[in-house]
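Reader: I should like to examine how the descriptive terms applied to this model are justified. Please set each value against its definition.

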Amino acid sequence: MAYRLEREKTKTSPYILIDEERGYMRFEGESYLEDIIQFFKEIDEWLAGYLASDFTDLTFDCAMEYFNSSTTKLLYNILRAMDSRAPGRNVTVNWYVVNEDDDMMIECGEDFMEEMEHLTFNIVVGK
């Protein structure tokens with residue numbers, strides 16, 4: 001049975017959806033958790049296993065409106081792990097910027113995109 005995880009967002013944590021059968025992951029909302037490592041532990045473990053498998057497709061929709069520096073590091077590590085396994089596979093990141101005036105979120109997406117070599121990286125501004 002394929003792995004599936006869905007967590008509703010809270011004031012300090014994002015909505016999370018992982019649907020292994022579809023090769024799909026989504027983060028949405030805000031992230032400024034006290035213990036980010038614990039919150040994302042299960043997600044990191046699943047992703048490591050998925051990326052080590054013979055998967056062919058993975059889409060990551062990231063629609064974060066705000067995140068702290070700890071989340072920035074975590075997102076960077078997730079993207080680097082995906083990038084390292086992307087050659088020969090269809091790995092897409094859709095970086096959604098909800099507010100078109102959010103220059104910081106646009107720049108963050110651009111910075112991440114510049115660091116990745118093998119991902120299809122789309123920055124989508126506006127709803």
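Author: The discussion below treats ring pairs, burial, charges over rings and pockets in turn. The model is predicted, so local features need pLDDT of at least 70 and side-chain atom pairs count only at pLDDT 80 or more, while totals for chains, interfaces and linings use all residues. Residues are numbered from 1 along each chain as its sequence is written, and side-chain values use heavy atoms, with hydrogens and water left out.

Reader: Why is the aromatic pair of Tyr3 and Trp46 called stacked?

Author: Rings of Phe, Tyr and Trp (its six-membered ring) pair if their centres lie within 6.5 Å; planes under 30 degrees apart count as stacked, over 60 as edge-to-face and the rest as tilted. Tyr3 and Trp46 are 5.9 Å apart centre to centre, with 20° between the planes, so both criteria for a stacked pair are met. Tyr3 lies in the segment before strand E1 (4-7) and Trp46 in helix H1 (residues 36-52), 43 residues apart, so that the pair links distant parts of the chain. Helices (H or I, at least four residues) and strands (E, at least two) are DSSP runs, numbered from the N terminus.

Reader: What makes Trp46 buried or exposed?

Author: Buried means under 20% relative accessible area, exposed over 50%, and partly exposed in between (1.4 Å probe, protein chains only). Trp46, at 7%, is therefore buried, whereas Tyr3, at 22%, counts as partly exposed.

Reader: How do you know that Trp46 and Tyr50 form a stacked pair?

Author: Their centres are 4.9 Å apart and their planes differ by 25°, and these values satisfy the criteria already given, so the pair is stacked. Both residues lie in helix H1, four residues apart, about one turn of the helix.

Reader: Why is the charged end of Arg7 said to sit over the ring of Phe39?

Author: A charge sits over a ring if NZ of Lys or CZ of Arg is within 6 Å of the ring centre and within 35 degrees of the ring normal. For Arg7 the distance to the centre of the Phe39 ring is 4.7 Å. The charged end of Arg22 likewise sits over the ring of Tyr24, 4.5 Å from its centre.

Reader: What makes the lining of the largest pocket eight nonpolar, two polar and two charged residues?

Author: Ala, Val, Leu, Ile, Met, Phe, Trp, Tyr, Cys and Pro count as nonpolar, Asp, Glu, Lys and Arg as charged, and the others, Gly among them, as polar. The lining includes Ile36 and Leu47, as well as Asp44, Lys73, Ser70 and Asn77. Asp44 and Lys73 therefore count as charged, and Ser70 and Asn77 as polar.

Technical notes. 1 Å grid on protein atoms, 1.4 Å probe; cavity = no way out; pocket = protein on both sides within 12 Å on 5 of 7 lines; lining within 4 Å.
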